[in-house]
Amino acid sequence: MDFDVNLMRHDRCTLVRVQGEIDVVTRPALEKTLTDVIDIGQPLVVDMRHVTFCDSSGLNAVVGANRRASERAIGFALVALPPRVRRVFRITGIDQYIPIYDTLREATDAVAT
């Protein structure tokens, strides 16, 4: 599966849909997209339901985006992590610092408040 990042405007936030592997090769594209949305000042939800793999560089991209959003008081959340990817976030403890939701409705409600 090829890597792809798509932006969609949702009612109260920007939805960033990620597909494929997040690794050292794809990290720059993901970082740029997340940074661009945050710099516009839009709350964002990152839909990861089609992410097949996430290594440490991918984790760092997500942590950096969350930090940037937090510094600007912008809502940031992840949604629909596949079990394999969610396990990486849990093992590293990142799930304690970045909001992760099972459904899009939960995530959009959280970032828009």
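Which exposed residues sit on the face of α1 turned away from its buried side? In this predicted model, they are K32 and I40. The views below start from that helix.

**View 1. Helix α1, end to end.** This helix takes in residues 27–40. With 14 residues at 1.5 Å a residue, α1 should span 20 Å, and its end C-alpha atoms are indeed 20 Å apart, so the two agree. Just after the helix comes G41, with a positive phi near 95 degrees.

**View 2. The buried side of α1.** Look here for L30, T33, L34, V37 and I38, the buried residues of the helix. They take up an arc of only 125 degrees around the axis, which means they lie on the same side of α1. That fits a general rule: an α-helix has 3.6 residues a turn, so residues three or four places apart point the same way. What covers these buried residues includes three strands, β1 (4–9), β2 (14–22) and β3 (44–54), along with helix α2 (56–71).

**View 3. The largest nonpolar core.** This one has 27 residues, and V16, L44, V46, M48, F76, L78 and F89 have the most contacts inside it. At least two core residues come from each of β2, α1, β3, α2, β4 (76–79) and α3 (83–92). Away from this core there's a second, separate one of eight residues, including V45, A77, V79 and V111.

**View 4. Around F89.** Leaving aside residues up to four places away in sequence, F89 touches M48, C54, L59, V62, L78, L81, I94, D95 and I100. F89 is also one of the residues with the most contacts inside the largest core.

How values were computed:
Residues numbered from 1 in each chain as written. Predicted model: local features only at pLDDT ≥ 70, side-chain atom pairs only at ≥ 80, totals over all residues. Heavy atoms only, no water. Helix = DSSP H or I, 4+ residues; strand = E, 2+ residues; numbered from the N terminus. Expected span 1.5 Å × (residues − 1). Buried < 20%, exposed > 50% of the residue type's maximum accessible area, 1.4 Å probe, protein only. Arc of directions from axis to C-beta. Contact = heavy atoms within 4.5 Å. Core = buried A, V, L, I, M, F, W, Y, C linked by side-chain atoms within 4.5 Å.
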